[in-house]
Amino acid sequence: MTGASDRPDRPDPLDDDLGWMLGIVFRGYVRAAEHTLADFPGGPRGYQVLTAAATGPARNQGAIAEELGIDRTVLTYLIDDLERPGFVARRADPADRRSRLVDVTDAGRVAWEQRRAALRQVEAHLLGALTPTESATLRALLQRVACSTQAIDPLRDLCQAVAEVRPEPAAPAPSQPGAPSERARPRAARSLRGSDD
């Protein structure tokens with residue numbers, strides 16, 4: 001918490017801010033995951049790619065890139081990193097010879113299961129303030145929100161989403177005698193309001 005316990009009559013507004021809460025949990029998870037996956041090919045993103053290969057039917061790189069929200073060029077390098085130790089293998093798609101499917105190997109499945117167990121310990125530590133029932137409920141709710149968000153906006157139109165929820169700018173006030181004109185204001189102040197000049 002951000003100090004609300006010191007002032008119970010004045011709760012800190014951040015304590016109820018979804019972005020702040022998600023940010024705190026996310027940063028804690030990322031730090032722990034990066035430590036757990038420091039020597040893993042491709043780090044946390046490599047682990048996500050291996051998870052995608054290990055937990056579903058073989059898919060092509062485009063489908064994996066879209067699912068994970070990873071640029072296709074970056075994904076190519078991550079698959080290369082996973083292919084070197086023999087964790088994944090590419091093979092031609094029987095339905096489209098121009099496309100390559102990504103398969104997990106036996107060694108890759110063993111490596112994935114080991115790291116998955118380590119990450120489960122990280123998650124248990126992060127959710128340590130919750131009972132097992134609360135933890136399961138939180139996971140179920142987060143999964144529902146994540147799947148809904150991905151279905152509505154698969155990481156393509158974030159700027160449009162922001163524009164839809166941003167309030168309309170107020171109409172400019174009439175100019176007061178002696179007040180600086182719009183042109184006289186510093187450029188930085190105008191640029192914060194979206195001016196293109």
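How many bridges join S2 to strand S3, and in which sense do the two strands run? Keep that in mind while you orient yourself. This is a predicted model.

**Stop 1: the whole chain**

Show the protein chain as a cartoon. You will find 8 helices and 3 strands. Trace the elements from the N terminus and the order reads α-α-β-α-α-β-β-α-α-α-α. Switch to a surface. The chain exposes about 14,200 Å², and carbon and sulfur atoms supply 57% of that area. Buried residues make up 25% of the 197 residues. Take the contacts between residues at least 6 apart in sequence: 46% of them join residues at least 24 apart.

**Stop 2: the sheet**

Select residues 88-93 for strand S2 and residues 96-104 for strand S3. Here is the reply to the opening question: 6 bridges join the two strands, and they run antiparallel. Look at the turn between them. A hairpin of 2 residues links S2 to S3. Pick out Asp 93, which stands opposite Asp 96 in S3. Then move along to Arg 90, whose bridge partner in S3 is Val 102.

Now add residues 59-60, which form strand S1. S1 and S3 pair over 2 bridges, again in the antiparallel sense. Arg 59 stands opposite Val 102 in S3. Val 102 thus makes a good residue to label, with Arg 90 as a bridge partner and Arg 59 standing opposite.

Which strands stand at the edges? The three form an open sheet in the order S1-S3-S2, with antiparallel pairing. S1 and S2 are at the edges; each has a single partner strand, so one side of each is left without a neighbour in the sheet.

**Stop 3: helix H2 over the sheet**

Select residues 43-54, helix H2. H2 lies across S1, S2 and S3. Against S3, the helix runs at about 100°.

Zoom in on Ala 53, found in this helix. Is Ala 53 buried or exposed? Its relative accessibility is 6%, so Ala 53 counts as buried. Show what surrounds the residue. Leaving aside neighbours within four places in sequence, Ala 53 is in contact with Arg 59, Val 88, Val 102 and Val 104. Next, draw a distance line to Thr 105. The two C-alpha atoms are separated by 9.2 Å, although the residues are 52 apart along the chain.

**Stop 4: Gln 61**

Go to Gln 61 in helix H3, which spans residues 61-68. Gln 61 has a relative accessible area of 17% and is buried. The cut-off for buried is under 20%, so this residue qualifies. Which residues does Gln 61 touch, not counting those up to four places away in sequence? Display Leu 75, Thr 76, Ile 79, Arg 90, Arg 100 and Val 102. You have met two of these partners at the sheet: Arg 90 and Val 102, which bridge S2 and S3.

**Stop 5: the largest pocket**

Turn to the largest pocket, with about 2,500 Å³ of space. Its lining counts 42 residues. To centre the view, select Phe 26, Tyr 29, Gln 48, Leu 142 and Ala 146; these lining residues lie nearest the pocket's centre.

Which helix gives the most to the lining? Colour H1, residues 18-36. H1 gives the most, with 11 residues. Then colour H2, H3, H5 (106-126) and H6 (132-152). Each of these helices, like H1, supplies at least two residues of the lining.

**Stop 6: Ser 135**

Finish in helix H6, at Ser 135. The relative accessible area here is 14%, and Ser 135 is buried. Show Leu 127 and Leu 130 as sticks. Ser 135 touches both, not counting residues up to four places away in sequence.

Technical notes:
Residues numbered from 1 in each chain as written. Predicted model: local features only at pLDDT ≥ 70, side-chain atom pairs only at ≥ 80, totals over all residues. Heavy atoms only, no water. Helix = DSSP H or I, 4+ residues; strand = E, 2+ residues; numbered from the N terminus. Buried < 20%, exposed > 50% of the residue type's maximum accessible area, 1.4 Å probe, protein only. Contact = heavy atoms within 4.5 Å. Areas by Shrake-Rupley, 256 points an atom, 1.4 Å probe, with all protein chains shown as cover. Pairing = 2+ DSSP bridges. Axes fitted to C-alpha atoms, helices over the stretch in contact; angles between N-to-C directions. 1 Å grid on protein atoms, 1.4 Å probe; cavity = no way out; pocket = protein on both sides within 12 Å on 5 of 7 lines; lining within 4 Å. Points joined across faces, edges and corners; volume = space filled by probe spheres on them.
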